[in-house]
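Welcome, and please open the model in your viewer. We will go from stop to stop, with something to select at each one.

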Amino acid sequence: MRLKLLVGVAIAVFCVFLLFFLVEGYMLDKPRAVSGTATQQHKKMIKDSGLLDPQSPPIMK
Amino acid sequence: MTFFDIRTKLLGNGLSPQPVDRILSLPRPVPYTPDISPSSQVPSVLTLGNRLLGYAPIALTGRGIAIPKPKRMLSGWLVVLSSCLIPTIVIALDVPTRFLNRSHTLLTLAGICATIGLVLYVINMVLATRIKLVEDLFGGLNKVYIAHAVTGSLALIFILAHPVLLAVRAMPLGMHYAAALFVPSMKHLATTYGILGTALLLVLMIVTMYVRLPYKLWLLTHKYLGLAFLLICLHVMFEPNDLTGNMFMRSYLIVCIVIGLAAYTYRSLLPNLFVRRYRYVIQSAKEKMPGVVEVTLKPARQALTFEAGQFIFVSFVTDGLSAEWHPFTVSSAPDADALTIDVKSLGGYTRTLTRIMPNLAGMDVLVEGAYGRFSYRNVNNSKQVWIAGGIGITPFLSMAQSLGKGAYEVDLYYTVRTEAELIDLHKLANLQTDRPNQRFRVFPFVTQKYNRYLSADLIAANTPDIATRDFLICGPTPMMQALKSQLLQQGVSKHRIHTEEFFLT
């Protein structure tokens, strides 16, 4: 019973995050880097993060 | 202890006073119980008394209570814990910049969650194989299945945490990047495998844990967990990441994946090829009471070996029944020529089975096992109390028939709702003995008759020095939980209480 509750809470939290990211990402926030409207600072942040270059993650650099 | 001692003890313990006649009918060993009415299944007190006074032959065929076996449950969980901790420590320490800033910390935590999730998933699949090693580690298949449920649930939680942490890490770049981690895309196949694997795992776990499906359908959905595992493995293998830069981690993950796939192939994909099964023939099937059928099986070729108290999985191959595998405890002695199981109508499958069973003599069945560690032989104490609730009597039937020549002092409390539910009381009564160093007594307890449940107080009133005895309990879960907590209150150490959950879900 406690296990079911724990898993239920985890699934609920995940669903809240999922909804938040999908709504924010696809309905409210436009992909600035893709649309070419990103600021220089934003572009630098993306570059530094390594998120767009999965072959060389930041930690291994 | 006299009737009045029992009464005094009960009243002295603050239990609600009861009419004297009710107190007088509290449980006593079968031969001396004046209020068990003779019936087709319950022999008359006189008959039983005569037989026992003359010490009817007792089956001294087993090997006795002699072999102490260590408790292994802890070592099973130690293996689980160390399998998760070792990679966690390696990941945390292999690169000094792991926790350098927010981004690195979140990436590291996401990697750790993914690794622990995968390891737990693999352990979960290994536990489902029912191999002897895991049974030895956890101390019985029922405990293995508890660990199976726990590791599966934890695996889901860690796997769900992985994309959430990565998305939180990506938030400063823009919510679109965070959201993209949850949306499958043909451009990033490796990520898509992970997304689909996680989604499938999530759906199947919800179905497994929260949706009441017929067993056959539930089993089918459970098999697709292998597909979710395969997708997650593809994600681990092909998604570029900073964990596999470490040689140890690369090898560890590959070994985990291989073990997981092997376990899935062994138990779910090709069980007929790898799992040892025995062919038996139904010799007879007779109704012991409404809803309970005793099935006697003869080996077609080789017979399986088992310990008293163990259970087997049986698949009945006949029209009108699906060839599912269901667990049944063996109620016959290990050295008997035939294998006997008592099938109680508890669910859809067993209901159909008990209905058609009397017509199935001569039919082939497949048997797998034996499993379980619930036996008096696994308890290093010759003084024991056995407590059976309803159909939970079956392991004790086998144990009682195999009590050996060594020293033992065993009291069996057999509780049922109505008198008609007492099965094989006659057989048990004939096995009673009262010799120096060898005592086996049976206390039937009919709850409807006494208008109360069997309790630790009643047991303490009939069985001396309960704190020094080991308790073996098998019955409905609420009964086991209630008795366990009462026994703990009576001063019995929790290490002396052994339970068998016969609902393997």
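**First stop: two strand residues**

Select Q438(B), which sits in strand β10 (residues 438-446) of chain B; strands here are DSSP runs of E with at least two residues, helices are runs of H or I with at least four residues, and both are numbered from the N terminus. This is a predicted model, in which local features need pLDDT of at least 70, side-chain atom pairs count only at pLDDT 80 or more, and totals for chains, interfaces and linings use all residues. Residues are numbered from 1 along each chain as its sequence is written, chains are lettered from A and ligands numbered from 1 in the order in which they are written, and side-chain values use heavy atoms, leaving out hydrogens and water.

Is Q438(B) buried or exposed? Its relative accessibility is 9%, so Q438(B) counts as buried (buried means under 20% relative accessible area, exposed over 50%, partly exposed in between, with a 1.4 Å probe and protein chains only). Now add K383(B): its C-alpha atom is 9.8 Å from that of Q438(B), although the two are 55 residues apart along the chain.

Next, select T296(B) in strand β2 (residues 292-299) of chain B. T296(B) is buried too, at 11% relative accessibility. Leaving aside residues up to four places away in sequence, T296(B) touches V281(B), I282(B), Q283(B), S284(B), A338(B), L339(B) and T340(B); contact means heavy atoms within 4.5 Å.

**Second stop: chain B as a whole**

Zoom out to see chain B, with its 19 helices and twelve strands. Of its 505 residues, 53% are buried. Among contacts between residues at least 6 apart in sequence, 74% join residues at least 24 apart.

**Third stop: helix pairs**

Two packed helices are described by the angle between their axes and the distance between the axes. Axes are lines fitted to C-alpha atoms, for helices over the stretch in contact, and angles run from 0 to 180 degrees between N-to-C directions.

Select α5 (residues 102-127) and α7 (residues 141-170) of chain B: they pack at about 155°, with axes 7 Å apart. That makes α5(B) roughly antiparallel to α7(B) (over 145 degrees; under 35 is roughly parallel, 65 to 115 roughly perpendicular and the rest oblique). By class, their contact has 21 nonpolar, eight polar and two charged residues; Ala, Val, Leu, Ile, Met, Phe, Trp, Tyr, Cys and Pro count as nonpolar, Asp, Glu, Lys and Arg as charged, and the others, Gly among them, as polar.

Keep α5(B) and add α12(B): their axes come within 8 Å and cross at roughly 30°. That makes α5(B) roughly parallel to α12(B). Among the residues that meet here are L118(B) and V122(B) in α5(B), and C256(B) and I257(B) in α12(B). The contact has 13 nonpolar, two polar and no charged residues.

Then show α11 (residues 225-238) with α12 (residues 247-269) of chain B, packed at about 160° with axes 11 Å apart. These two are roughly antiparallel. Their contact includes F229(B) and C233(B) of α11(B), and L253(B) and Y264(B) of α12(B).

**Last stop: cysteines**

How many disulfides are there over all chains? The count is zero, a disulfide being a pair of cysteine sulfur atoms within 2.5 Å. Select C15(A): its sulfur is 17 Å from the closest cysteine sulfur, in C113(B), too far for a bond. C15(A) is partly exposed, at 32% relative accessible area, whereas C474(B) is buried, at 2%.
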